[in-house]
Amino acid sequence: MFWRRFQFSRDIGIDLGTANTLIYVSGRGIVLQEPSVVAIDLDKGIPLAVGEEAKQMLGRTPGNIRAIRPLRDGVIADFDAAEQMIKYFIRKGNEGRGMLAPRLVIGIPSGVTGVERRAVREAGLGGAREVHLIDEPVAAAIGAGLPVAEPVGSMIVDIGGGTTEVAVLSLQGTVVSESVRVAGDELSDAIASYLKKVHNLVVGERTAEDIKIRIGSAFPNDEFDQTAIDVRGLHLLSGLPRTISVRSGDVREAMVEPLNVIVEAIKRTLERTPPELAADIVDRGIMLAGGGALVRGIADLISHETGILTHIAEDPLLCVVNGCGQVLEDFKRLGRVLDAADFHRSSN
């Protein structure tokens, strides 16, 4: 029984994202992919649901239940809810086995402060014996198959839910990087603001995200710009529910401002890149990862604005968690990319 229990102490990689949390278990691969949402019973102070079930409750809860996203802009906004969520996902990812506390590798935005890094570590220690942190652009580059260990420049742009990470990597290190707290959530917010301002229609974040996924685009396309869908929401003037038709071209115009912030972050990073590495990037191109890479035409927009060929990773949503997993599986070779400040659970 001892050896069976010891066998279940597998290392775990976590992409702790603003929108989704993904878990990689060593020897098994990706075992969980769920929304980063927790529903709390306010009377009892306990979580009622976590993940997909909790996401269905967003905007639809009574007064004694609150559905929240514990992470905002890539950092922990509600520590207790985040700790409960991480514990739940670790248990679920290991099929509820009574395992020894695992070693964690958690992907976090490169621009977070020391205090925010400590908050992630402490939340992770609720269900682990040892916590390592890895910057998301580094993990995304490894997961996307870029040669980060070689003496060549690789550029990765990880567009997540709360942050966009831009980094130039070489020899397992970050040469230049920039993190902006404008990403998928801001694109959805821009759509919601457009509907409220132009059509006097109030929609929830789930509806705005659905519009972004279905007809959102970043680069003009005469044919697709005419695509329209029906959107339901609350009309401000009448106070009654109403349905309107929205075109893709209008949604693209609504997202121009946050898209420009992302493009400018890429340009600033290129301006600070050493010449030899810049030449490598021109030859090899820019790699896009994260959920934001799935927005139609975003690679074309970046290519047009920078003049550099832009590629989308094969599985952009899985790049960070796959990168965490590869570090776990080849810890000796890739361990140098982890945060130097290791954090262990107290022996007490």
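**Exercise 1. A surface patch**

Which residues make the nonpolar surface patch of about 370 Å²?

*Solution.* Keep in mind that you're looking at a predicted model.
- Step 1: Pick out Val202, Leu234, Leu236 and Leu237, which make up the patch.
- Step 2: Place one of them. Val202 is found in strand S14, residues 201-202.
- Step 3: Check how open Val202 is. Its relative accessible area is 35%, and anything from 20% to 50% counts as partly exposed, so Val202 is partly exposed.

**Exercise 2. The three-stranded sheet**

Work out the strand order of the sheet that holds S4, and find what packs on it.

*Solution.*
- Step 1: Read off the order, S5-S4-S6, in an open sheet with antiparallel pairing.
- Step 2: Find the edges. Strand S5 (46-50) and strand S6 (65-68) each pair on one side only.
- Step 3: Look at the twist, which averages 25 degrees from one strand to the next.
- Step 4: Zoom in on one pair. Strand S4 (residues 38-41) is joined to S5 by four bridges, and the two run antiparallel. Within this pair, Val38 stands opposite Val50 in S5.
- Step 5: Add the helix. Helix H3 (residues 79-93) packs on the sheet and touches S4, S5 and S6. The direction of H3 makes about 55 degrees with that of S5.

**Exercise 3. Two salt bridges, buried or partly exposed?**

Take the pairs Arg72 with Glu205 and Asp225 with Arg252, and sort their residues by accessibility.

*Solution.*
- Step 1: Get the distances. For Arg72 and Glu205, the closest N and O atoms are 3.9 Å apart; for Asp225 and Arg252, the N to O distance is 2.7 Å. The cut-off for a salt bridge is 4 Å.
- Step 2: Locate the Arg72 pair. Arg72 sits in strand S7 (residues 71-72) and Glu205 in helix H7 (residues 205-215), so this bridge ties together parts that are 133 residues apart in sequence.
- Step 3: Do the same for the other pair. Asp225 is in the loop between H7 and strand S15 (228-235), while Arg252 belongs to helix H8 (residues 248-254), so the parts tied together here are 27 residues apart in sequence.
- Step 4: Sort. Arg72 has a relative accessible area of 38% and Glu205 has 36%, so Arg72 is partly exposed and so is Glu205. Buried means under 20%: Asp225 is buried at 7%, and Arg252 counts as buried at 11%.

**Exercise 4. A salt-bridge network**

How many salt bridges does the structure hold, and which residues are joined into one network?

*Solution.*
- Step 1: The total is 15 salt bridges.
- Step 2: Try one of them. Asp250 bridges to Arg247, with the closest N and O atoms 3.3 Å apart. Asp250 counts as partly exposed at 23%, and Arg247 is partly exposed at 31%.
- Step 3: Now follow shared partners, and you'll find Arg69, Arg72, Asp185 and Glu205 joined into one network.

**Exercise 5. The five-stranded sheet**

Find the edge strands of the sheet that contains S11, and say why they count as edges.

*Solution.*
- Step 1: Write down the order, S13-S12-S11-S17-S18; the sheet is open and the pairing mixed.
- Step 2: Spot the ends. Strand S13 (173-180) and strand S18 (310-312) each have a single partner strand, so one side of each has no neighbour in the sheet.
- Step 3: Check the S13 partner. Seven bridges link strand S12 (residues 164-170) to S13, running antiparallel, and Ser170 stands opposite Gly173 in S13.
- Step 4: Finish with helix H10 (residues 275-284), which runs at about 110 degrees to S12.

Terms used. Residues are numbered from 1 along each chain as its sequence is written. This is a predicted model: local features need pLDDT of at least 70, side-chain atom pairs count only at pLDDT 80 or more; totals for chains, interfaces and linings use all residues. Side-chain values use heavy atoms; hydrogens and water are left out. Two strands pair if DSSP finds at least two bridges between them. Axes are lines fitted to C-alpha atoms, for helices over the stretch in contact, and angles run from 0 to 180 degrees between N-to-C directions. Contact means heavy atoms within 4.5 Å. Patches are made of residues with over 30% relative accessible area and no salt bridge: like charges are joined within 9 Å, nonpolar side chains (Val, Leu, Ile, Met, Phe, Trp, Tyr) within 5 Å. Accessible areas come from the Shrake-Rupley method with a 1.4 Å probe; for residues, only the protein chains shown count as cover. A salt bridge is a side-chain nitrogen of Lys or Arg within 4 Å of a carboxyl oxygen of Asp or Glu. Buried means under 20% relative accessible area, exposed over 50%, partly exposed in between (1.4 Å probe, protein chains only).
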